[in-house]
Each structure stands twice: as C-alpha cells, then as structure tokens.
Amino acid sequence: MVAALELYLDTVATRRIRVLWDALEAEGVQSLRSLLEQRHRPHVSLAVAPRFDPEQVAAALAGTTVAAPLRLSFQHAGQFVGRVLWLGPAPTVELLAHHRLVHDRLTAAGVGLAEHYRPGCWVPHCTLSMRVPNPLMAIAVRRCLEMLPLEATVVGAALTDHARGISHPLP
C-alpha cells in the first residue's frame, strides 16, 4: 500500500461521492467505500509515497495551509491503467499552484514522493474504484457522468496510510 497526503471535500460533495460509491457497488463495482474496512473518505491526493514520516512531513509543511479552501469543479470521469476509475476536477491555476507548493516543500525536505505525483505529471483526481471489471466499465462511467458536474470546496487535509490505520490531520 501507499501513504498519501489527502485533501478532503465539503459535506455536500462528500455525500454525493458516497452516493456514487453506493451506486457503483449496486452495479457490482467495488468502490473505495468497501475497501480497507471503510477507512477511505472522498479526497484528492496531493502527494503519494510508499511511506511517510509524519514528523518530517509536518516540518516540511510548517507554515503552509495544506487544506487551503480551494474550489474544485469536478467535470469529467477518467480511467487509469489497471481499471482505476476516478472523477477529475478542472486543473485550475490555484489547484496546480497549491500542488506545486506542497510538492516543492516536501521534495526540498527530502521526502521521497511517487514520480507520477510530481508537478507536470500529476492528474488531479478523486478515486472511485481501484479495479473496475472490464465488462462493467461502461456502466460505471455512465453512473459517474450522471452526477457531474460536482462543485466542491477543500475543507481539510491529512497524511494517511489506510493499510496501517494511520491518519494525521494537517492544517
């Protein structure tokens, strides 16, 4: 598993994504709702690594508001290799600048981050399912498109490792 620096969404957006998770489950698609004893909550990850040292991350981000009140407008559904299904927010200047700030502070502090999360490679997204069965992909994408667009505001952040049951809130 991996550790992540997650941005959390407002109550209304979180509720809508949880309803989508339930709709996917009803179609036979395992969503993040049912993974790891329901530890996941709807989020957008700014950084991912095999493991984080919470003290090192806290020191690197001192003085930074990780949970900046960014407005996110989810406009599309997407799929990564491996049948990962997600909703994507429009990549605004503010979102990309915030991502770069956090990434640069972590990198400068020697925190080892996953390459596909570096600025210029990162695809902002909210994961819905980790492995959609191929025969169900069209149905799953249709369910996603039925609930778009989705407006959200970032209201919180945490450093997480769901497989190990770790969650450290960040400012």
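**Questions on a predicted model**

Me: In this predicted model, which residue has its charged end over the ring of Y8?
Reply: Start with the ring of Y8. A charged end sits over this ring, 3.8 Å from its centre. It belongs to R41.

Me: Which residue in β2 is the bridge partner of Y8?
Reply: Strand β1 covers residues 3–9. It pairs with β2 in the antiparallel sense, over six bridges. In β2, the partner of Y8 is H43.

Me: How many residues of strand β2 are buried?
Reply: Strand β2 runs over residues 43–49. Buried means under 20% relative accessible area. The strand is mostly covered, and of its seven residues the buried count is seven.

Me: How many aromatic pairs does a search of the whole structure find?
Reply: Y8 has a charge over its ring, from R41. Pairs of aromatic rings are another matter. For these, the search of the whole structure gives a count of one.

Me: In what order do the elements of the protein run from the N terminus?
Reply: Take the counts before the order. The protein has four helices and seven strands. From the N terminus on, they run β-α-β-α-β-β-α-β-α-β-β.

Me: What is the radius of gyration of the protein, and why does it agree with a compact globule?
Reply: Along its principal axes, the C-alpha trace spans about 45 × 30 × 30 Å. A compact globule with 171 residues would have a radius of gyration near 16 Å. The protein agrees with this, because its own value is 15 Å.

Me: What share of the contacts with a separation of 6 or more comes from residues 24 or more positions apart?
Reply: S129 and R83 show what a wide sequence gap can look like. They are 46 residues apart along the chain, yet S129 touches R83. Across the protein, residues 24 or more positions apart account for 80% of the contacts with a separation of 6 or more.

Me: What percentage of the exposed area do carbon and sulfur atoms supply?
Reply: Of the 171 residues, 48% count as buried. The protein still exposes about 8300 Å². Carbon and sulfur atoms supply a share of this area equal to 57%.

Me: Is S129 buried or exposed?
Reply: S129 lies in strand β5, residues 126–129. Beyond four places in sequence, its contacts include V29, L32 and V84. Its relative accessibility is 0%, so S129 counts as buried.

Me: Why does A158 count as buried?
Reply: A158 is in strand β6, residues 150–161. Beyond four places in sequence, it touches A4, L5, E6, Y8, S167, H168, P169 and L170. A158 counts as buried because its relative accessibility is 3%.

Me: How far apart in space are A158 and L95, C-alpha to C-alpha?
Reply: Look at the sequence before the space. A158 and L95 are 63 residues apart along it. From C-alpha to C-alpha, they are separated by 17 Å.

Me: Which residue has a positive phi although it is not a glycine?
Reply: Look in the loop between β3 (71–80) and β4 (84–89). One residue there is partly exposed, with a relative accessible area of 30%. Its phi is about 70°, and the residue is R83.

Me: Which peptide bond is cis, with omega near 0°?
Reply: Go to the loop between α4 (137–146) and β6. P149 lies in this loop. The cis bond leads into P149, from L148.

Notes
Residues are numbered from 1 along each chain as its sequence is written. This is a predicted model: local features need pLDDT of at least 70, side-chain atom pairs count only at pLDDT 80 or more; totals for chains, interfaces and linings use all residues. Side-chain values use heavy atoms; hydrogens and water are left out. Buried means under 20% relative accessible area, exposed over 50%, partly exposed in between (1.4 Å probe, protein chains only). Helices (H or I, at least four residues) and strands (E, at least two) are DSSP runs, numbered from the N terminus. Two strands pair if DSSP finds at least two bridges between them. Rings of Phe, Tyr and Trp (its six-membered ring) pair if their centres lie within 6.5 Å; planes under 30 degrees apart count as stacked, over 60 as edge-to-face and the rest as tilted. A charge sits over a ring if NZ of Lys or CZ of Arg is within 6 Å of the ring centre and within 35 degrees of the ring normal. The radius of gyration is taken over C-alpha atoms; the globule rule is 2.2 Å times the number of residues to the power 0.38. Contact means heavy atoms within 4.5 Å. Accessible areas come from the Shrake-Rupley method with a 1.4 Å probe; for residues, only the protein chains shown count as cover.
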